[in-house]
Amino acid sequence: MAAHLSYGRVNLNILREAARKELREFLDKCAGSKAIVWDEYLTGPFGLIAQYSLLKEHEVEKMFTLKSGRLPSADVKNIIFFVRPRLELMDIIAENVFSEDKLHSSRDFHILFVPRRSMLCEQRLKEQGVLGSFINIDEYILDLIPYDGDLLSMEYESAFRECYLENDQTSLYHTAKGLMTLQALYGTIPQIYGKGECARHVANMMLRMKREFAGSQNQILPVFDTLLLLDRNVDLLTPLATQLTYEGLIDEIYGITNGYVKLPPEKFAQKKQGEASKDLPTEPKKLQLNSAEELYAEIRDKNFNAVGAALSKKAKIISAAFEERHNAKTVGEIKQFVSQLPHMQAARSSLANHTSIAELIKDITTSEAFFDNLTVEQEFMTGVDTDKVNTYIEDSIAQKDPLIKILRLVCMQSVCNNGLKQKVFDFYKREILQTYGYEHILTLNNLEKAGLLKAQTSSRNNYPTIRKTLKLWMEDANEQNPNDISYVYSGYAPLSIRLTQVLARPGWRSIEEVLKMLPGPHFEERQQLPAGLHKKRQQGENRTTLVFFLGGVTYAEIAALRFLSQMEDSGMEYIIATTKLINGTTWIKSLMDRPESQTP
């Protein structure tokens, strides 16, 4: 099932297997038949670790979603609650347990907290008078979840908000713990680099945890050479921009959740010839997206303008392969053709799906609205008129376009101008509140606190210096055969990835001045390896760097890192880890107050 996790430089299946083993051990603690009551948010991430078949092997007979009231009836001995440590969930659990007690059922209750146990939650259960009903209260440490052969995510949706708005460092503790788990499986990482306040905290926690376990030396040959910790607020611009890679656009338009995307069904309806398409499906089409699918792995990181050509090339190859059947004369040749048939049919259906998705996206990217929005973004990135009120934004507010679109653009202008002039700032604020409602004053306040939207305090704008020194804008970026990472945004090279690129060669000392302009400290730490574990590098062997984004990463940034890994002369392979996979919309939403009352 998860073979694609082991194709890369680092076999991430080891991590998945370790997580599965722990899950089996917990399930075996609760002898007899079981029903699992799920905190709905956990079902997606768990699906990447264990399918229903694994749970079934361990006598899990029923699965329910956690909701208030009575539990659905199930003839089982054990009821296990799989939940995040949230107080509001404890109240629902208490309600469930009480309703069971009233029925005098002799069931055993268990709680599994993901990713950590919480004293506060146990206290709440005690106050509700149900703590004594639980036989096992345990934690299941699921920090980093393998999403693909080179990608790990904690799917901790509130990490950025907690760190920058609420001064809550819980997510950083989970990150440090996750990195310790990773080192236990893949060896100590000898070099740690970082940029940003949160990065500094995580590195300090890791070094402290290592000292606490000083007795147990890790005897595994290190797989990673370097760890780079990057704060999201070092580069606030990149997530706000519209991603222009295939995978990035799928996420921008439809949203990718836990490796799946839901698409409008009518595009995928199988029409038989001569039949009226009267009964079109109404359920969204759900597709899994990862490198296990050959074609997807090939096109996902391309700029969308290069996807059409890649698909038509693939179509020619597939139809040529099917034509081969006419040339199969002998029994042996026919047998060989038949043996390849399943693979060819899978390739054909994969091509049909991606052609449909590409058509859906093309309808949007060729629209005037998309083009106008992109033009404004690119003007801001190149420093055109960032210090005055933008007429496009003004018109969009007047037309009451979706609020998130407005916020993304206004924040982008603010970031590219190192804060807006007070007059411009006040104008936008007033317009937004009068058009969308005064309740959004809380959201604007949050964006200000996070540094995304602010009034200019000093007259100096560092962004042009940063842009020029790090070559963040490349005129005429080659979208078809890229030679630079800027192809992922058709001209803009993500600042976060430029920093990663410069670190590998020639090193951060060459950009000391720019690093000082970006928020937070930059640092380097070394972890001592036990004797005999120093890697002897073979001639021409690449180094491996784990880049950890604290606060989220976009698919376009991931594509840029994969591009660097594939470059002939880079000598570096990147594995990507993050607290959450984000895009501009989900990121801004996480900073809004009451986003549910929002139109998308």
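A residue is called buried when its relative accessible area is under 20%, exposed when the area is over 50%, and partly exposed in between. The views below are taken from a predicted model.

**Figure 1. Division of the predicted chain into four domains.** Domain 1 covers residues 3-142. Domain 2 is assembled from three stretches of sequence, 143-241, 462-530 and 539-599. Domain 3 joins 246-267 to 286-365, and domain 4 spans 369-461. Between the C-alpha centres of domain 1 and domain 4 the distance is 44 Å.

**Figure 2. A negative patch on the surface.** Four acidic residues make up the patch: Asp-28, Glu-59, Glu-61 and Asp-75. Of these, Asp-75 belongs to the loop that runs between strand 2 (60-65) and strand 3 (78-83). Asp-75 has a relative accessibility of 73%, so it counts as exposed, because the cut-off for that class is over 50%.

**Figure 3. Cis peptide bond before Pro-115, and the helix that follows.** Val-114 and Pro-115 are linked by a cis peptide bond with omega of about 5°. Pro-115 sits in the loop connecting strand 4 (108-113) to helix 5 (119-127). Met-119 is part of helix 5. With 69% relative accessibility, Met-119 is classed as exposed. The C-alpha atom of Met-119 is 9.2 Å from that of Pro-85, a residue 34 positions away along the chain.

**Figure 4. Cis peptide bond before Pro-506.** The bond from Arg-505 to Pro-506 is cis, and its omega is near 5°. Pro-506 lies in the loop between helix 20 (495-504) and helix 21 (512-517).

**Figure 5. Positive phi at Asn-258 and at Ser-490.** Asn-258 is not a glycine, yet its phi is positive, near 50°. The loop that holds Asn-258 separates strand 10 (256-257) from strand 11 (260-263). Asn-258 has a relative accessible area of 13%, so it is buried. Ser-490, likewise not a glycine, has a positive phi of about 50°. Ser-490 is located in the loop between helix 19 (463-469) and helix 20. The relative accessible area of Ser-490 is 16%, which means that this residue too is buried.

**Figure 6. Salt bridge between Arg-562 and Asp-150.** The whole structure contains 34 salt bridges. In the one shown here, the closest N and O atoms of Arg-562 and Asp-150 are 2.8 Å apart. Because Arg-562 is in helix 22 (residues 555-566) and Asp-150 is in the loop between strand 6 (145-148) and strand 7 (151-153), the pair ties together parts separated by 412 residues in sequence. Arg-562 is buried, at 6% relative accessible area, and Asp-150 is buried at 14%.

**Figure 7. Salt bridge between Glu-155 and Lys-580.** The two side chains meet with an N to O distance of 3.0 Å. Glu-155 lies in the loop between strand 7 and helix 6 (159-164), and Lys-580 in the loop between strand 15 (572-578) and helix 23 (584-591), so their pairing ties together parts 425 residues apart in sequence. The relative accessible area of Glu-155 is 8%, which makes it buried. Lys-580, at 19%, is also buried, because the limit for that class is under 20%.

**Figure 8. Salt bridge between Asp-593 and Arg-161.** Here the N to O distance between the side chains is 3.4 Å. Asp-593 is in the segment after helix 23 and Arg-161 is in helix 6, so the pair ties together parts 432 residues apart in sequence. Asp-593 is partly exposed, with a relative accessible area of 24%, whereas Arg-161 counts as buried at 19% relative accessibility.

**Figure 9. A network of salt bridges.** Six residues are joined into one network through shared partners: Asp-148, Asp-150, Glu-247, Arg-300, Asp-301 and Arg-562. Among them are Asp-150 and Arg-562, the pair of Figure 6. Side chains of opposite charge can pair when their charged atoms come close.

Definitions and conventions. Residues numbered from 1 in each chain as written. Predicted model: local features only at pLDDT ≥ 70, side-chain atom pairs only at ≥ 80, totals over all residues. Heavy atoms only, no water. Domains from an automatic or database assignment. Patch = residues over 30% accessible without salt bridge, like charges linked within 9 Å, V, L, I, M, F, W, Y side chains within 5 Å. Areas by Shrake-Rupley, 256 points an atom, 1.4 Å probe, with all protein chains shown as cover. Lys, Arg positive; Asp, Glu negative; His and termini not counted. Charge placed at Lys NZ, Arg CZ, Asp CG, Glu CD. Helix = DSSP H or I, 4+ residues; strand = E, 2+ residues; numbered from the N terminus. Buried < 20%, exposed > 50% of the residue type's maximum accessible area, 1.4 Å probe, protein only.
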